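Colleague: I should like to learn how to read the contacts between the chains of a model. May we go through the features in turn?

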Amino acid sequence: MPAPAPGNGPRFDDVLPPLVDHHCHGVLRHEPDAATFASYLTESDRSPAAGTTHFDTQTGFAVRRWCPPLLDLPAHCPPERYLARRRELGPDETRRRLLGATGIGAYLVDTGLPGDLTGPDETAAAGGGTGHEVVRLETLAERTAAAAAEGGGDGGAGADPEEFTDALARAVQEAARTAVAFKTVAAYRHGLALAPEPPAAGAVHTAARAWLAAGAGRLTDPVLLRHLVALAVATGRPLQIHTGFGDPDLRLDHADPALLTDLVRATAGTGTDLVLLHCYPYHRQAAYLASVFPHVYADVGLTLTHTGPRATTVLAEFLELAPFGKLLFSTDAYGLPELYVVGSALFRTALTEVLGGWTASGAWSADDAHRVGALLAAENARRVYGLGAAGRKRERERCPRSR
Amino acid sequence: MPAPAPGNGPRFDDVLPPLVDHHCHGVLRHEPDAATFASYLTESDRSPAAGTTHFDTQTGFAVRRWCPPLLDLPAHCPPERYLARRRELGPDETRRRLLGATGIGAYLVDTGLPGDLTGPDETAAAGGGTGHEVVRLETLAERTAAAAAEGGGDGGAGADPEEFTDALARAVQEAARTAVAFKTVAAYRHGLALAPEPPAAGAVHTAARAWLAAGAGRLTDPVLLRHLVALAVATGRPLQIHTGFGDPDLRLDHADPALLTDLVRATAGTGTDLVLLHCYPYHRQAAYLASVFPHVYADVGLTLTHTGPRATTVLAEFLELAPFGKLLFSTDAYGLPELYVVGSALFRTALTEVLGGWTASGAWSADDAHRVGALLAAENARRVYGLGAAGRKRERERCPRSR
Amino acid sequence: MPAPAPGNGPRFDDVLPPLVDHHCHGVLRHEPDAATFASYLTESDRSPAAGTTHFDTQTGFAVRRWCPPLLDLPAHCPPERYLARRRELGPDETRRRLLGATGIGAYLVDTGLPGDLTGPDETAAAGGGTGHEVVRLETLAERTAAAAAEGGGDGGAGADPEEFTDALARAVQEAARTAVAFKTVAAYRHGLALAPEPPAAGAVHTAARAWLAAGAGRLTDPVLLRHLVALAVATGRPLQIHTGFGDPDLRLDHADPALLTDLVRATAGTGTDLVLLHCYPYHRQAAYLASVFPHVYADVGLTLTHTGPRATTVLAEFLELAPFGKLLFSTDAYGLPELYVVGSALFRTALTEVLGGWTASGAWSADDAHRVGALLAAENARRVYGLGAAGRKRERERCPRSR
């Protein structure tokens, strides 16, 4: 990986443990064409406006900054040249080169997105790390409904609601045995202003009946979304919650993590941790929740990748209120291994600049800065997901950047 | 114009095309007294608190930084001295000196504000640029109602609703023939949480009847506001939408551009572009909308003028999520030619510092920085408003700062 | 007090008047144990998450930066060592050393918080300044109800509503004779979306009857909260309003000061000033209100103390829209004299860096920067609370840092 921009502070790169990317996705197994590649640089699901390109974004510029040197090209070379070289190398070699340069030792992969994507172990293997699965609740429910409908032999009238809810409860318990966490995208499906208490069984059956009868498509019913959250919380596994910006399915003001306050209060006694993902532009709100509720954590996620050289400031904004034991690193990379490179490079650069700057001014001691750097890079995630010291040792051996 | 603060980066000033100020207003034709002058430095419509002055604001300090040297006085001289010199020179010479130093080549003037103000051509002539008109929808409706009432001969009972709506539709179509854009101030009149679909004809007539019967004063009826938006969108001309801060008529939290999401979705297929003005302090939200919806643009407007040396940071915040082909420059200057100077100087300074900093750190290439600088300064606006290459050439010749 | 981080600008420390801390609380009279000490470093009312500590926050790091040298220890020494030294010195000597190093000349103490805390004069005496009282409305109402119930001899059935409201009105008027301001924590009790008009007498009696009958516990009834605000506004004393973040009783999104807009409009003609406290992360919204409504002021309060080295940026964000005559300094210190040290040190550092930076770049003149520094540090508060020139002279003599 290219060196981060020089700062005045210590080079945290040299002392950081292998990163734990606690929220990411698989990458495409096959070579994307130019338009497909560009579509992964934005949260938009639409073509760019006439006269513009998705490469003219902070994400596009960051890819052109960090990735070409890993494919033997100069930084900032034109997109066409980069894509040509990528095709020349092929998807496997590209993935190996890019993921191998991220310094990531553990990949916690949300497997709920569509596409011909690498799975957790496959992703991790390309990068020299270990893979873990994060199970997306809404996808699990949709798959469970599809399986119940197929098995029901009812000629397409949908599954029985009680059988479905039983099967769903079993599926969540089953997943909890192997997955390290659950994730909900209720922000996309309904918004975060959900009633905090678990819905009553009768209400769940009524909602399930209606949804199944309508074909069990994209799950947006708030009763079922709350039921999924309740099932996940009951397992004790950490629950990742999408908050803040994302694709245009989402209404941004309905994804403010402050809207989760009542749910946070209602889950305070359960022993289950909540991890607020991305959060931008409401990351100060997320940091506040993490500061006053012991079971709430926040994540830099998608935010650093999409803000380029501004990642430094955005990380600093997170670190205003977020206790240093409560903020986690992730790339939220999806589809392109380039997004792993960019997410990890921007995180390292931002961390070096922010903590280095505070050390240089005397506000922090160097010892504290190194300790906090390790917390954010890996240790907080290890504690929350119970990844353990054995895994840490293994990753240090496997991850070529670990020292 | 005085040179911007020196930075480490390239001097974009030297290579920028003439600016396109895509949203501004006329300036006072006559010399304002001291209190009137001060009242244009703030969005408040009230006297300052006892013991304070509107000069003690970032706008006031910015005027005192940039403008006195253009009138042969030292920067930061006391307001009284500046105003005395201004009176000495007279309004025409002051306007000529100030507008001539802005580097603006095209002025898109919203003509819907009251006062004895210069029109588009008159404003542009003083600055050596070309003028274009932006038509404010609410003012157009109020004028149409007033004309209908006068013409109706009904003894003051107001115009006929059907005649009024017919006249209004004709007025919008007429305006679209010469104006480069429409503008709505629904944020002031009702807030941005408007139902997204065009209202039915019956509802429009009912609302028009009530408004006309009440004297057709300040238009605040949400049905009529939505009808105006629908009429404007149907013309295909870009629609400028006031969002974010403004005078105290407005409730700030009702002007968050995220509240426009449903309207944005409803207009996505129309071919008409929406330009979100000002946006502060919700500019990150506006940038998000511009990043995921192809027909949405955002503008720095009023925001830079009112934040002084913080304009650099605020511009950088816009450039976190906003695609570089989607952000537009404007001064939103109103009443005082000083606000054109301040708005353009702060934009140039901020652009130099932000893009220069990113180039110096290696995050961006110098070529990209120059290209993006030209997009923000002029090219994005030219594309959105269809100003054309002929206009560009003419402005380069007329605008004394163009090189 | 240790010197702030060196900047390029002038050392405002050397020229600032004694600070007016316009919103603070008493400190513990007795030595806290380690867990109690740590609990005052956070707005959380809960134990830290397993594996984390309240010392690993910006507030914790700031205490370790600024305070150990005042107790003869190196900056950034471990918490245990600091606490041991503190016990060695005892609470009186610790308080004397810490408060004596703050440069604060006037303490406006909200006396409505529980605990064995120093009162206004006692707090001020330890720091060499003068003390003033701010009366918390909700506490006053709860005390009045308790006294009425005791005096009523009704066997615990609660006080008579009319007697209570009469007693409350007298209590507010009585308090206005000696207190410099009132404060409301309606943000914690109901949220800031309160109907703006004073409630009718009948509604107040009905609400009072219900509250008294229920035991007159924690006051959360919106009618009574509005009534308290109306009583306070009628006295003409400035009203401090908690906005923005705080302990988890509060819902952050219900504490956005923009929600006060209707109340602000309704009180615009009363002659009473409103001071918005803390405001974070909605401080840009608060600054906007202060910019357009003459009777609205904003305060940096809790925000600087909790953001450590980010206080510089946060202060700069306040100073985007806030007129320079409208922003006030406070520490919001509570329980620990360390929080007075941190709040004042961060304010001085941030002020030096922000105004010094703007002066160095040429955006501001040095004269203006010094003048604005004095406004923020003391003069704005003196004007709003009518502290007068006599007090200023006395504080300069008593406050050892005054020059």
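**Salt bridges, interfaces and symmetry**

Modeller: Let us begin with a single side chain: Arg86(C) is buried, since its relative accessible area is 3%. Please bear in mind throughout that this is a predicted model.

Colleague: Which residue forms a salt bridge with Arg86(C)?

Modeller: The partner is Glu338(C), and the closest N and O atoms of the two lie 2.7 Å apart. Arg86(C) belongs to helix α3 (residues 79-99) of chain C and Glu338(C) to helix α14 (residues 337-360) of that chain, so the salt bridge ties together parts that are 252 residues apart in sequence. Glu338(C) is buried as well, with a relative accessible area of 0%.

Colleague: How many salt bridges does a search of the whole structure find?

Modeller: Over all chains, the search finds 78 salt bridges. Some share partners: Asp72(A), Arg85(A), Glu88(A), Glu93(A), Arg96(A) and Arg97(A) are joined in this way into one network. Another salt bridge is formed by the side chains of Arg284(A) and Glu320(A), at 2.8 Å from N to O. Here helix α11 (residues 283-292) of chain A supplies Arg284(A) and helix α13 (residues 311-321) of chain A supplies Glu320(A), so parts 36 residues apart in sequence are tied together. Both of these residues are buried.

Colleague: What does the salt bridge of Asp368(B) and Arg64(A) look like?

Modeller: Their side chains meet with an N to O distance of 2.9 Å. This pair crosses between chains, with Asp368(B) in helix α15 (residues 366-385) of chain B and Arg64(A) in helix α2 (residues 58-66) of chain A. Asp368(B) has a relative accessible area of 6% and is buried. Arg64(A), at 7%, is buried too.

Colleague: How should one read the size of an interface?

Modeller: It is often given as the accessible area that is lost when the parts come together. In the present case, chain B and chain A bury about 2900 Å² between them, with 56% of it on carbon and sulfur atoms. Within chain B, Arg284(B), Tyr288(B) and Glu320(B) supply 21% of the area buried against chain A, more than any other three residues. The contact involves 35 residues of chain B and 37 residues of chain A.

Colleague: Which polar features and which elements are found where chain B touches chain A?

Modeller: There are five salt bridges across this interface. A salt bridge between Arg284(B) and Glu317(A) has an N to O distance of 3.1 Å. The count of residue pairs in polar contact between the two chains is 18. On the side of chain B, the elements giving two or more residues are α10 (261-266), α11 (283-292), α13 (311-321) and α15. The largest share, six residues, comes from α13(B). By class, this side of chain B divides into 18 nonpolar, eight polar and nine charged residues.

Colleague: What does the interface of chain C and chain A bury?

Modeller: Chain C and chain A bury about 3000 Å² between them, and 55% of it is on carbon and sulfur atoms. On the side of chain C, Phe61(C), Arg251(C) and Arg310(C) lose the most area to chain A, together 21% of what that side buries. This contact takes 37 residues from chain C and 35 residues from chain A. Five salt bridges are found across the interface. Asp368(A) and Arg64(C) form a salt bridge, their closest N and O atoms being 2.9 Å apart. The rule also finds 19 residue pairs in polar contact. Elements of chain C that give two or more residues to the side touching chain A are α2 (58-66), α12 (301-307) and α13 (311-321). Of these, α2(C) gives the largest share, four residues. By class, that side has 14 nonpolar, 12 polar and 11 charged residues.

Colleague: How are two copies of a chain related?

Modeller: The relation is a rotation about an axis and a shift along it. For this model, a rotation of 120 degrees with 0.0 Å of shift along its axis superposes chain B on chain A, at an RMSD of 0.0 Å. That is the relation of a three-fold axis. In chain B, the C-alpha nearest the axis belongs to Thr313(B), 5.7 Å from it. The copies use different surfaces, as 3% of the contact residues of chain B recur in chain A.

Key: Residues are numbered from 1 along each chain as its sequence is written. Chains are lettered from A and ligands numbered from 1 in the order in which they are written. This is a predicted model: local features need pLDDT of at least 70, side-chain atom pairs count only at pLDDT 80 or more; totals for chains, interfaces and linings use all residues. Side-chain values use heavy atoms; hydrogens and water are left out. A salt bridge is a side-chain nitrogen of Lys or Arg within 4 Å of a carboxyl oxygen of Asp or Glu. Buried means under 20% relative accessible area, exposed over 50%, partly exposed in between (1.4 Å probe, protein chains only). Contact means heavy atoms within 4.5 Å. Buried area is the accessible area (1.4 Å probe) that two parts lose on being put together, summed over both. A polar contact is a pair of N or O atoms within 3.5 Å; within protein, one must be able to donate a hydrogen and the other to accept it, and residues adjacent in sequence count only if both atoms are side-chain atoms. Ala, Val, Leu, Ile, Met, Phe, Trp, Tyr, Cys and Pro count as nonpolar, Asp, Glu, Lys and Arg as charged, and the others, Gly among them, as polar. Copies are superposed by least squares on the C-alpha atoms of residues with pLDDT of at least 70 in both.
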